[in-house]
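Q: I have a model open and want to learn how to read its features. Where do we begin?
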Amino acid sequence: KTNMEEQLTTGQVAKKWGLIYGLVATVINLVPLILEVQPGWWPVVNIVIAVVMFALATKEFKTDNGGYMTFGEGFKITMLAALIAGVIRNLVNYVYVKFIDDTVMERIQEAVVDAWREQGMSEEQIEQMSGFTAGISNPEITLVLGIVFVMLGGLIWGSIVSAVNKNEAEDF
């Protein structure tokens with residue numbers, strides 16, 4: 001493809017893969033809420049999904065761009081994709097927790113308190129910690145924090161993927 005207009009832009013690739021990433025992450029994150037399970041390895045699944053999506057997005061851009069992609073282009077793609085995915089995933093999550101199953105936050109809080117008891121925390125310590133976590137367990141704060149965490153993941157994993165996949169044209 002020699003014509004500049006035929007090449008995909010970083011924005012087009014980021015939107016496409018951000019949407020795909022957002023839909024996949026939404027499904028993957030709703031399953032444990034619906035089934036009322038929260039496996040400990042779940043955060044690893046989210047990281048793997050992010051890395052795979054970022055790799056596919058940057059690979060598509062690079063392939064369409066004659067095998068070239070700067071770190072900056074890769075970084076733009078992964079950060080925009082992370083933003084789109086984070087908003088989609090966390091908005092759907094918010095709607096689910098706020099309007100469809102409003103007992104999710106209570107169940108998570110109970111599971112956390114049970115875990116603290118198993119670790120040997122006193123009732124006084126549990127009460128103090130519950131007061132602290134109550135602020136961050138409302139759906140609105142969870143929505144914002146969820147987007148922030150996906151963006152932080154985009155920053156870290158997107159940077160790594162972009163550094164690995166970059167292939168910059170030689171300057172003569």
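**Reading cavities, pockets and rings**

A: Begin with the enclosed space: the largest cavity has a volume of about 60 Å³. Keep in mind that this is a predicted model.

Q: How many cavities of 30 Å³ or more are there?
A: The count is one cavity of 30 Å³ or more.

Q: Which residues line the largest cavity?
A: A residue joins a lining if it has an atom within 4 Å of a point. Here the residues are Asn90, Asn93, Tyr94, Val97, Met105, Pro139, Thr142 and Leu143.

Q: Which helices supply at least two residues of that cavity lining?
A: Helices α3 and α6 each do so. The largest share, four residues, comes from α3.

Q: How do the residues of the cavity lining divide by class?
A: Five are nonpolar and three polar, with no charged residues.

Q: Now the pockets. What is the volume of the largest pocket?
A: A pocket is an open set of points, whereas a probe in a cavity cannot get out. The largest pocket has a volume of about 1,200 Å³. Its lining takes in 34 residues, and those closest to its centre are Gln38, Arg89, Thr142, Gly146 and Phe149. Thr142 also appears in the lining of the largest cavity.

Q: Which helices supply at least two residues each to the lining of the largest pocket?
A: They are α1 (10-35), α2 (42-64), α3, α4 (104-118) and α6 (139-165). Helix α6 gives the largest share, with nine residues.

Q: How is the lining of the largest pocket made up by class?
A: It has 20 nonpolar residues, 13 polar and one charged.

Q: What is the volume of the second largest pocket, and which residues line it?
A: Its volume is about 170 Å³. The lining consists of Pro32, Leu33, Glu36, Val37, Gln38, Val104, Arg107, Ile108, Ala111 and Val112. Gln38 is also among the residues closest to the centre of the largest pocket.

Q: Which helix gives the most to the lining of the second largest pocket?
A: Helix α4 does, with five residues. Both α1 and α4 supply at least two residues each. By class, the lining has seven nonpolar residues, one polar and two charged.

Q: On to the rings. How many aromatic pairs does the structure hold?
A: It holds four aromatic pairs. Take Trp41 and Trp42 as one of them: the ring centres are 4.9 Å apart and the planes lie at 50°, so the pair is tilted.

Q: Is Trp42 buried or exposed?
A: Buried means under 20% relative accessible area. Trp42 has 12%, so it is buried.

Q: Why does the pair of Phe71 and Phe75 count as stacked?
A: Planes under 30 degrees apart count as stacked. The planes of Phe71 and Phe75 are at 20°, so this pair is stacked, with ring centres 5.9 Å apart.

Q: Where do Phe71 and Phe75 sit in the helix?
A: They are four residues apart in helix α3 (residues 71-100), so about one helical turn separates them. Phe71 is partly exposed at 31% relative accessibility. Phe75 is also partly exposed, at 26%.

Q: Last, confidence. What pLDDT does the protein chain average?
A: The average is 90, and 94% of the residues score at least 70.

Q: Where is confidence lowest, and where is it highest?
A: Confidence is lowest in helix α5 (residues 123-134), at a mean of 84. The highest is in α3, at 96. Helix α3 is also the one that holds Phe71 and Phe75.

Methods: Residues are numbered from 1 along each chain as its sequence is written. This is a predicted model: local features need pLDDT of at least 70, side-chain atom pairs count only at pLDDT 80 or more; totals for chains, interfaces and linings use all residues. Side-chain values use heavy atoms; hydrogens and water are left out. Rings of Phe, Tyr and Trp (its six-membered ring) pair if their centres lie within 6.5 Å; planes under 30 degrees apart count as stacked, over 60 as edge-to-face and the rest as tilted. Buried means under 20% relative accessible area, exposed over 50%, partly exposed in between (1.4 Å probe, protein chains only). On a 1 Å grid over the protein atoms alone, a cavity is a set of points where a 1.4 Å probe fits but cannot get out, and a pocket is an open set with protein on both sides within 12 Å along at least five of seven lines; lining residues have an atom within 4 Å of a point. Grid points are joined across faces, edges and corners, and a volume is the space filled by probe spheres set on the points. Ala, Val, Leu, Ile, Met, Phe, Trp, Tyr, Cys and Pro count as nonpolar, Asp, Glu, Lys and Arg as charged, and the others, Gly among them, as polar. pLDDT is the predictor's confidence in each residue, from 0 to 100.
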